[in-house]
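Trainee: Could you take me through one part of this model with some care? I would like to hear about the aromatic side chains and what surrounds them.

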Amino acid sequence: MARKICYESLFPAFSKALAELGAQVIINVTNDSWYGTWQEPYQHMYMTLARSVEFRRPVIRVTNTGITTVALASGEILQQSPLHQEWSGVYQVAYRKQPSPTFYQQHFLLMPVLCSIGVVLILLTIVTKKIRCGG
């Protein structure tokens, strides 16, 4: 089991290191009070929960003012707490005792390159269509 505090969850390299150390479950303990009540608590939550899919490990997210929830290794997000309210929940979280590394984990440095190539191809497609259409 691995724990990370607050904003470390936003950096995939940190979660990758936990996975490579053999983490079976990732627990994120955070205080989202400084985010306010608009979109930031939700953005922080989803960016944190993305690690469950990237590394195929459940992420248990516990907050005192933000959104407490669990993302299973499949990416399924379980019941979420209300924002800035007292709440408690019970989750059943399945995990693997020896999770195998994901494609993302094994080719971590390749992913930004692939994403960049994808963006360039999309932009080239848009530009060539505009040129053909006379726009």
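What follows is a close look at the aromatic pairs, and then at a nonpolar surface patch.

Mentor: Please keep in mind that this is a predicted model. The structure holds three aromatic pairs, and one of them is formed by Phe-55 and Tyr-104, whose rings meet edge-to-face, with 5.4 Å from centre to centre and 70 degrees between the planes. This pair links distant parts of the chain, since Phe-55 belongs to helix H2 (residues 40-55) and Tyr-104 to helix H3 (residues 103-106), with the two positions 49 residues apart in numbering. Both Phe-55 and Tyr-104 are buried, and together with Phe-108 they form one aromatic cluster.

Another pair consists of Trp-87 and Tyr-91, which counts as tilted because the ring centres lie 6.3 Å apart and the planes stand at 50 degrees. Trp-87 is partly exposed, with a relative accessible area of 30%, and Tyr-91 is partly exposed as well, at 25%.

Turning to the surface, Phe-103, Leu-110, Val-113, Leu-114, Ile-117, Val-120, Leu-121 and Leu-124 form a nonpolar patch whose accessible area comes to about 720 Å² together. Helix H4 (residues 110-132) gives the most to this patch, contributing seven residues. Leu-114 is a patch member that lies in helix H4, and its relative accessibility of 43% is why Leu-114 counts as partly exposed, given that this class falls between the 20% limit for buried and the 50% limit for exposed.

Conventions: Residues are numbered from 1 along each chain as its sequence is written. This is a predicted model: local features need pLDDT of at least 70, side-chain atom pairs count only at pLDDT 80 or more; totals for chains, interfaces and linings use all residues. Side-chain values use heavy atoms; hydrogens and water are left out. Patches are made of residues with over 30% relative accessible area and no salt bridge: like charges are joined within 9 Å, nonpolar side chains (Val, Leu, Ile, Met, Phe, Trp, Tyr) within 5 Å. Accessible areas come from the Shrake-Rupley method with a 1.4 Å probe; for residues, only the protein chains shown count as cover. A salt bridge is a side-chain nitrogen of Lys or Arg within 4 Å of a carboxyl oxygen of Asp or Glu. Helices (H or I, at least four residues) and strands (E, at least two) are DSSP runs, numbered from the N terminus. Buried means under 20% relative accessible area, exposed over 50%, partly exposed in between (1.4 Å probe, protein chains only). Rings of Phe, Tyr and Trp (its six-membered ring) pair if their centres lie within 6.5 Å; planes under 30 degrees apart count as stacked, over 60 as edge-to-face and the rest as tilted.
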